Amino acid sequence: METLLALIILSIGAWRVLNWVWLRPKSLEKCLRRQGFRGNPYRLFYGDKKDMTKMIKEARNSKPISISDDILPRVIPHIFQTVKKHGKNAIFWHGTTPEVYIMDPLLIKEIFSKNYDFQKPHNPLAKLLAQGLVGAEGVHWAKNRRIMNPAFHPDKLKNMLPAFYLSCSELVNRWDEGFSQKDTCELDIWPSIQDLSTNIIASTAFGVPYQQGKDIFELQKEQAYHLMEIARLGLSPTWRFLPTKRNRRMKEIEKKIQATIRGIIDDRLKAMKTGHGSSNDLLGALLESSLGNEQPVMNKNSVMNIADIVEECKLFFLAGQENTSVTIVWTMFLLSIHQDWQARAREEVLQVIGHDEPNFDGLNHLKIVNMILHEVLRLYPPVTSINRKIYKETKLGDMSLPAGVLLLLPTILLHYDQELWGDDAREFKPERFSEGISRATKGKVSFFPYGWGPRICIAQNFALLEAKMAIAMILQRFSFELSTAYVHTPYKIVALQPQDGVHLILNRL
């Protein structure tokens, strides 16, 4: 009897393994091919992961490319090669899970609009970096989004402008000091642009000193590197349970980040209870909500717990620093090449703002700067792709996609698509956006650097206002051009970054 029971258990286990590594993937493959998706045949257990790892490693270690070269093979090598080989309706195998590429703007609009059907894929490792609104789903997401919305109201952003200005002033003054007795100065602007964004996030969102914000960001930056290496090596999420040196370090980083943010929260809560804490920033707004936990009569849907607040803080430190800093640095890179647009932007800044401190209305009247920023976000979007997952059989357009399928919306491929943007899609042409995004895209969902629909980035206006302030103040003080030391090596970690910095020659005006 015991032998029979053991055989039954072994048989059930063997069947489950067989179903996991072969029968189910082949069934999904057959279903997807019937609906027009093409890709490599499913390969046992690893799928296309080994190919992806090899291509990413080769791209990362490759020589710099020419400024005129296509950046896609270097930035998203496996996605680029998959589409090149199999077309836009492509399948990529993440181990035993198929990922289908969606590049039809109508289908992308449907995916973004139906955010309860097409959800973020669950990644247990992502919590070690940042979750917050990005990782929340369903009622949890809706509640937290509703609570956070007031923190990004235009009136709140207007109150943050003095802190934006102070941080940007420190940046341009520091650059000015580098001139000494000369009229020109050569430097890598990337580290100081990162410091600028860290300083702004620390002061405007959390009311803490720059160094405290930088300590958190440096830890998150290291954590992001470890997670990218795990993805590059094709390791299973269960790998995190093994007592490896990397895993121990990642857990140590997570504990340090948690402790630092909880310390910031505790300090602010004490200040708020004595009437000295501000509620004008993100942390203040979130803590005002959390204080409702002490009042049982309040609606539970109107409060956030401390664990959620910690996650939102982690996310905003990371995304707020990364996404804005790369937008500013790529803007300066492209304006260094396109001196005509740099001159036009400076003329507009001096005409609208002069040499005065930029104010909210003035920044919102910078039409040319706005066009330039949108074109930068098209060519160098901070996030190069967006993922979704289907958890039950779901209709998408005329298709019926089975549960368990991943969806990839390759942002940067859509932004470079000549069928959508014309033969000059790879060229820097801010005039595309002269009449706004809707006219530039002909009403299609083909431009989404901050996502689209209900889950569009809650902080996009914060990021654009910060970028406008920085670019306006830099244009007031300097002209700039590429240095001969510059090498073009765009690459992706969390956001699309310059791997070897951005070396410019600044000229004092």
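**Exercise 1. Explain how Glu-29 and Lys-26 are placed relative to each other in helix H1.**

Solution. Glu-29 and Lys-26 are three residues apart in helix H1, so about one helical turn separates them. An α-helix has 3.6 residues a turn, so residues three or four places apart point the same way. Now check the contact. In this predicted model, Lys-26 and Glu-29 form a salt bridge, with the closest N and O atoms 3.0 Å apart. The cut-off is 4 Å. Last, compare exposure. Glu-29 has a relative accessible area of 5%, so it is buried. Lys-26 has 30% and is partly exposed.

**Exercise 2. Work out which parts of the chain the salt bridge of Asp-176 and Arg-508 ties together.**

Solution. Start with the distance. The side chains of Asp-176 and Arg-508 meet at 2.9 Å, N to O. Then locate the partners. Asp-176 sits in helix H8 and Arg-508 in strand E12 (residues 503-508), so the pair ties together parts 332 residues apart in sequence. Asp-176 is partly exposed at 22% relative accessibility. Arg-508 is partly exposed too, at 32%.

**Exercise 3. Do the same for Asp-195 and Lys-214.**

Solution. The N to O distance in this salt bridge is 3.8 Å. Asp-195 belongs to helix H9 (residues 190-206) and Lys-214 to helix H10 (residues 210-232), so the bridge ties together parts 19 residues apart in sequence. Relative accessibility is 23% for Asp-195, which counts as partly exposed. Lys-214, at 24%, also counts as partly exposed.

**Exercise 4. Test the length of helix H20 (residues 460-477), then decide how far the rest of the structure encloses it.**

Solution. H20 has 18 residues. At 1.5 Å a residue, the expected span is 26 Å. The end C-alpha atoms of H20 are 26 Å apart, which agrees. Next, burial. Of the 18 residues, 15 are buried, so H20 is largely enclosed by the rest of the structure.

**Exercise 5. Find where helix H8 (residues 154-177) bends.**

Solution. First take the span. H8 has 24 residues and reaches 34 Å between its end C-alpha atoms, close to the 34 Å expected. Then look along the axis. H8 bends by about 35° at Met-160. Pro-162 follows within four residues. Met-160 is buried, and other buried residues of H8 include Leu-157, Phe-164 and Trp-175.

**Exercise 6. Place Trp-20 on the surface.**

Solution. Trp-20 lies in helix H1 (residues 2-34). Its relative accessibility is 46%, so Trp-20 counts as partly exposed. Trp-20 helps make a nonpolar surface patch of about 900 Å². Among the other members are Trp-15, Trp-22, Phe-45 and Tyr-46.

Technical notes: Residues are numbered from 1 along each chain as its sequence is written. This is a predicted model: local features need pLDDT of at least 70, side-chain atom pairs count only at pLDDT 80 or more; totals for chains, interfaces and linings use all residues. Side-chain values use heavy atoms; hydrogens and water are left out. Helices (H or I, at least four residues) and strands (E, at least two) are DSSP runs, numbered from the N terminus. The expected span of a helix is 1.5 Å times one less than its number of residues. Buried means under 20% relative accessible area, exposed over 50%, partly exposed in between (1.4 Å probe, protein chains only). The bend at a residue is the angle between axes fitted to the seven residues ending there and the seven starting there. Patches are made of residues with over 30% relative accessible area and no salt bridge: like charges are joined within 9 Å, nonpolar side chains (Val, Leu, Ile, Met, Phe, Trp, Tyr) within 5 Å. Accessible areas come from the Shrake-Rupley method with a 1.4 Å probe; for residues, only the protein chains shown count as cover.
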